[in-house]
Amino acid sequence: MDLDQLTALRTPEGSTALASAERVAGGDPLAAAAALRSAGIPGGLAAAALTQAELRRRAVGKFGAAAARMFLTRPGLEQATRRVVADRRAARLRAAGVTTLADLGCGLGADALAAARAGIRVYAVEADPLTAAMATANAEAAGLAELVTVECGDATAFDVSRVDGAFCDPARRRAGTGRRIFDPNAYSPPWDFVTALAERVPRTVVKVAPGLDHALIPAGAEAEWVSVDGDLVEAALWCGPLAGVPRRATLLRSKEGPPVDASGRDGSPSHHLTGSGADEAQVGPLRRFLYDPDPAVVRAHLVAELAADLDATLADPSIAYLYADAARPTPFARCLEITDVLPFSLKRLRALLRERRVGRVEILKRGSALEPEKLRRDLRLSGDTAASLVLTRVAGAPTVLICRPVPATG
C-alpha cells in the first residue's frame, strides 16, 4: 500500500473495488484476485482492495463494526488501541476536563477517534505519510473530521501550548522490519521526550508496553495495566492531575455497547483494583481453593491487595497463585478447587489421571519449565472426564495440582 493506492481506493472506482473485495475476501487469495480482475478492476487496485478487505476482517476484534470503514496497515493494526480501551481512556480524559488533546504518534487514529467521540478537539501528529493519510481518512469515514486534524510531521516539534491534554503512544517497532523495540530510549518519540512531556502538559497520558519495567515509571504517575477478556493488552501512565493512585489494574470486556463513561458504567462492565504496588502477600500453606489472578493484576504488582480481599496467601513467594479456604466471587481471578496435590512425577501423574479416567486437561503453569503441549502428549490421556492441571512450585518444590473449576458467581 502507498499513497497513490490509498488515493485510488477513496475514489468511486476504489469504493467499488473495496465492495467487490469484501465479497470475495477470506477465501483463496488467487481466486479472489482473479474474480476482481474478471470484473474489470485493474490489478494494482484489486490487490490494494483485497489487502484492505482482509485487514478489515482482522480488525473487527479491535474496532467492531467500525472496522468496515477504516483504512489500515498491518503494523498499524497490530499497534492500534482496541476501541473499548480507547473509549474508556477518552472518557477519563474528558471527565478530567480535557477539551483539546495532542495525540503525538497517532498511528491509524484509534485513540484520536475515541477522544473525538468523547467531544474532545484532537490535534494528531504522525511521522509516516501513509499512516497520517489513513488517519485522516478514518476520521472522515467516522464523521469526525471537524474534531480531528492530522498533521504529518515530527511529534517532538508539535507546539503543545495549543492544548490542555496530551496523549503519546511511542512507536515500539522498527520502521520497515516491524521488529519490537525493547529499549525505551529507541522508541519514537524517545523516552526522554515522553517523560518530559508531562512537565509541559500536566494532563498527559502515555501508552506503554505491558512489560514496562516499574523502575521506568515517573515519580507521581499512575501506572495502569489493562486486560480485555482476560488478555493483557496494554499499560498506560497517567501523569499530573490525571494520576489517582500509584497502581491500577483495569479489567474490560470487549463486547460493543454504549460509549463508556470514566467509570465504565455502560453495560460493558469494567473492574478496577488499585494500590501501592509495593506490598507483598503473606506466604502460607496450600489450601482448598486456588486463585489465578488476571494478568493485569500481576503486572500491576497488586497481588497483595487481591490476597487481602480474598483472605488468601501465596504458597511460594515468587509465584502469583493465591490459596484460600473459601471460594469468593471476584472479577480479578479465576478460582479452581484443588482435589489432589503431588510432587511432580510424570509416572505418578499419568497413573492418577488414568485411574480417574481423565481424557481432557487444561494445563496452567507458573514457575515451571515444562512445556504444556509436550506434557499433554506424554500423559497419553484416555478417558471421558476432564481436569485442570496446575504446574507450579510450592515452597520451592516442583508441584502439580489437580483441580476442577469453580463456577463464576460474580
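Q: How many disulfides does this predicted model have, and what makes that the count?
A: The count comes to 0. A disulfide needs a pair of cysteine sulfur atoms within 2.5 Å, and here are two cysteines that show how the rule plays out. The sulfur of C152 is 9.4 Å from the closest cysteine sulfur, the one in C106, so that is too far for a bond. For C335, the closest cysteine sulfur is in C403, and at 9.4 Å that is again too far for a bond.

Q: Why is C335 called buried or exposed?
A: Buried means under 20% relative accessible area. C335 has 9% relative accessibility, so it counts as buried.

Q: And what about C152: why does it get the label it gets?
A: The class between buried and exposed runs from 20% to 50%. With 43% relative accessibility, C152 therefore counts as partly exposed.

Q: What makes the phi of D311 worth a look?
A: Most residues other than glycine have a negative phi. D311 is not a glycine, yet its phi is positive, about 55°. You'll find D311 in the loop between α11 (303-310) and β11 (313-314).

Q: How do you know whether D311 is buried, exposed or partly exposed?
A: Exposed would take over 50% relative accessible area, and buried would take under 20%. D311 comes in at 47%, so it counts as partly exposed.

Q: What is the phi of R357, and where does R357 sit?
A: Its phi is near 55°, a positive value in a residue other than glycine. R357 belongs to the loop between α12 (346-355) and β14 (358-365). Its relative accessible area is 48%, so R357 is partly exposed.

Q: How do you know which residues of α3 share a side of the helix?
A: Start with the buried ones: in α3 (residues 29-38) these include A32, A33 and L36. They cover an arc of only 95° around the axis, so they lie on the same side of α3. On the other side, L30 and S38 are exposed.

Q: What do the buried residues of α3 pack against, and what follows the helix?
A: They pack against α2 (12-24) and α4 (43-63). After α3 comes G40, with a positive phi near 90°.

Q: How many cavities of 30 Å³ or more are there, and how much space lies in the largest?
A: The structure holds 1 cavity of 30 Å³ or more, and about 60 Å³ of space lies in the largest cavity. The elements giving two or more residues to its lining are α6 (83-95), β1 (100-104) and α7 (110-117). The largest share, 4 residues, comes from α6.

Q: Which residues line the largest cavity, and what makes them nonpolar, polar or charged?
A: The lining consists of A86, R89, A90, L93, L101, D103, D111, A112, A115 and F167. Ala, Leu and Phe count as nonpolar, while Asp and Arg count as charged. That divides the lining into 7 nonpolar, no polar and 3 charged residues.

Q: What does the protein as a whole look like in numbers?
A: There are 13 helices and 16 strands, and the C-alpha trace spans about 65 × 55 × 40 Å along its principal axes. Buried residues make up 48% of the 410 residues. Among contacts between residues at least 6 apart in sequence, 69% join residues at least 24 apart.

Notes
Residues numbered from 1 in each chain as written. Predicted model: local features only at pLDDT ≥ 70, side-chain atom pairs only at ≥ 80, totals over all residues. Heavy atoms only, no water. Buried < 20%, exposed > 50% of the residue type's maximum accessible area, 1.4 Å probe, protein only. Arc of directions from axis to C-beta. Contact = heavy atoms within 4.5 Å. 1 Å grid on protein atoms, 1.4 Å probe; cavity = no way out; pocket = protein on both sides within 12 Å on 5 of 7 lines; lining within 4 Å. Points joined across faces, edges and corners; volume = space filled by probe spheres on them.
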